[in-house]
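Work through these exercises with the model open beside you. Try each task before you read its solution.

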Amino acid sequence: MAEFGVSEFILVVAAVAIGITIFGFTEAYLVPNYSFTNAQQQANSISQSVFVSISPPGISTSGEAFLGYIYSPTYSGNFFIVAFCVNPNELPSLSVVTPSSEPFTIELTNGAKATEATLPRVYDTNGQILSSNVIAYSVPSNQPFEILGNSNSNNVLVVWIIYYSSGYYFRITYTYTG
C-alpha cells in the first residue's frame, strides 16, 4: 500500500512540474509575442488615417523653423516626433534611413518645449527594428508644433511620426521637406 502512495506522489509532482514549465513558457514567450502583435496591429490601424503636414522653412531666433501638424481623426493622444536631416542622395531609400544627424528640437505653439524622450527601439509597422536609442519629442495630435534647428541648405528635413503602444514604439509614417 505504501508503494502505491509513493507512485501517486511522483505523478502529482511530475504533473505540477509540467504545468509550471508550460506556464513559464507561456509567460516568457507567448504573452510578449501577443502584446507586440497587438501593438503592431494598433499602429497599422492608426497609420491608415494619419496625415502630416510640414511647412517650408521659416526663420527663427534659433535658425530654421518648420511648422508641423499631425491630423489624426481616430487617435487623440500624443505622438513622438523625430526630425533630422539627410543628404538628398538618400531620398530613394528614405523608408530605411535612420536618424544620424543632430536632431532638431520641437516646441509647442504655446512656446513650451515638447517633452523629450529617448526611445529604446523604434519599429516600422512591419515589425522590423529601424533604430535604437532615438531622441524624440512628444506632441499632441491635432495641434500644431514647431521644428527648430539648423540644417545645411543642401539637406532635406525628414520627420518621423511614432506611435507608442504597450511598451513598443512604431514609426507609423514619415515625411520630408526640401
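**Exercise 1. Find how strand β5 pairs with β8, and which residue of β8 stands opposite E107.**

Solution. The model is a predicted one.
Step 1: locate strand β5, residues 105–108.
Step 2: check the direction. β5 and β8 pair in the antiparallel sense.
Step 3: count the bridges. There are four between β5 and β8.
Step 4: pick E107. Opposite E107, in β8, stands E146.

**Exercise 2. Show how β3 is joined to β8, β1 and β2.**

Solution. Step 1: start with β8, residues 144–149. Six bridges link β3 to β8, and the two run antiparallel.
Step 2: name partners. A65 has L148 as its bridge partner in β8. L67 has E146 as its bridge partner in β8. E146 also stands opposite E107.
Step 3: move to β1, residues 51–54. Four bridges join β1 to β3, again antiparallel. S53 is partnered by Y69 in β3.
Step 4: finish with β2, residues 58–60. Three bridges join β2 to β3, and the direction is antiparallel. Here S60 faces G63 in β3.

**Exercise 3. Decide whether β10 pairs with β6 in the parallel or antiparallel sense, then do the task for β9 and β10.**

Solution. Step 1: take β6 and β10. They pair in the parallel sense, over three bridges. V122 stands opposite Y169 in β10.
Step 2: take β9 and β10. Nine bridges join them, and they run antiparallel. I161 stands opposite T173 in β10.
Step 3: look at the turn. β9 and β10 form a hairpin with two residues between them. S166, in that turn, has a positive phi of about 50°.
Step 4: check the cover. Seven of the 10 residues of β10 are buried, so this strand is mostly covered.

**Exercise 4. Identify the largest nonpolar core and the elements that supply it.**

Solution. Step 1: get the size. The largest nonpolar core holds 28 residues.
Step 2: find its best-connected members. F79, I147 and I172 have the most contacts inside this core.
Step 3: list the suppliers. α1, β3, β4, β7, β8, β9 and β10 each give at least two residues to this core.
Step 4: zoom in on I147. Leaving out neighbours within four places in sequence, its contacts include I54, A65, F66, F104, I106, L157 and V159.
Step 5: look beyond this core. Another core, of 16 residues, lies apart from it. V82, V86, L94 and L119 are among its residues.

**Exercise 5. Classify S131 as buried or exposed, and list what it touches.**

Solution. Step 1: place S131. It sits in strand β7, residues 129–140.
Step 2: apply the cut-off. Buried means under 20% relative accessible area. S131 has 12%, so S131 is buried.
Step 3: list the contacts. Beyond neighbours within four places in sequence, S131 is in contact with T98, P99, P120, R121, V122 and W160.
Step 4: compare with Q128, in the loop between β6 and β7. Not counting residues up to four places away in sequence, Q128 touches V122 and Y123.

**Exercise 6. Which side chains meet in a salt bridge, and how accessible are they?**

Solution. Step 1: recall the principle. Side chains of opposite charge can pair when their charged atoms come close.
Step 2: set the cut-off. The nitrogen must be within 4 Å of a carboxyl oxygen.
Step 3: test the pair. K113 and E116 meet at 3.9 Å, N to O. The count comes to one salt bridge.
Step 4: read the accessibility. K113 has a relative accessible area of 49%, so K113 is partly exposed. E116 has 43%, so E116 is partly exposed too.

**Exercise 7. Which residues make the nonpolar surface patch of about 400 Å²?**

Solution. Step 1: name the members. The patch is made by V6, F9, I10 and V13.
Step 2: place one of them. V6 is in helix α1.
Step 3: judge V6. Its relative accessibility is 48%, so V6 counts as partly exposed.

Technical notes
Residues are numbered from 1 along each chain as its sequence is written. This is a predicted model: local features need pLDDT of at least 70, side-chain atom pairs count only at pLDDT 80 or more; totals for chains, interfaces and linings use all residues. Side-chain values use heavy atoms; hydrogens and water are left out. Buried means under 20% relative accessible area, exposed over 50%, partly exposed in between (1.4 Å probe, protein chains only). Contact means heavy atoms within 4.5 Å. Two strands pair if DSSP finds at least two bridges between them. A nonpolar core is a set of buried Ala, Val, Leu, Ile, Met, Phe, Trp, Tyr and Cys residues joined through side-chain atoms within 4.5 Å. Patches are made of residues with over 30% relative accessible area and no salt bridge: like charges are joined within 9 Å, nonpolar side chains (Val, Leu, Ile, Met, Phe, Trp, Tyr) within 5 Å. Accessible areas come from the Shrake-Rupley method with a 1.4 Å probe; for residues, only the protein chains shown count as cover.
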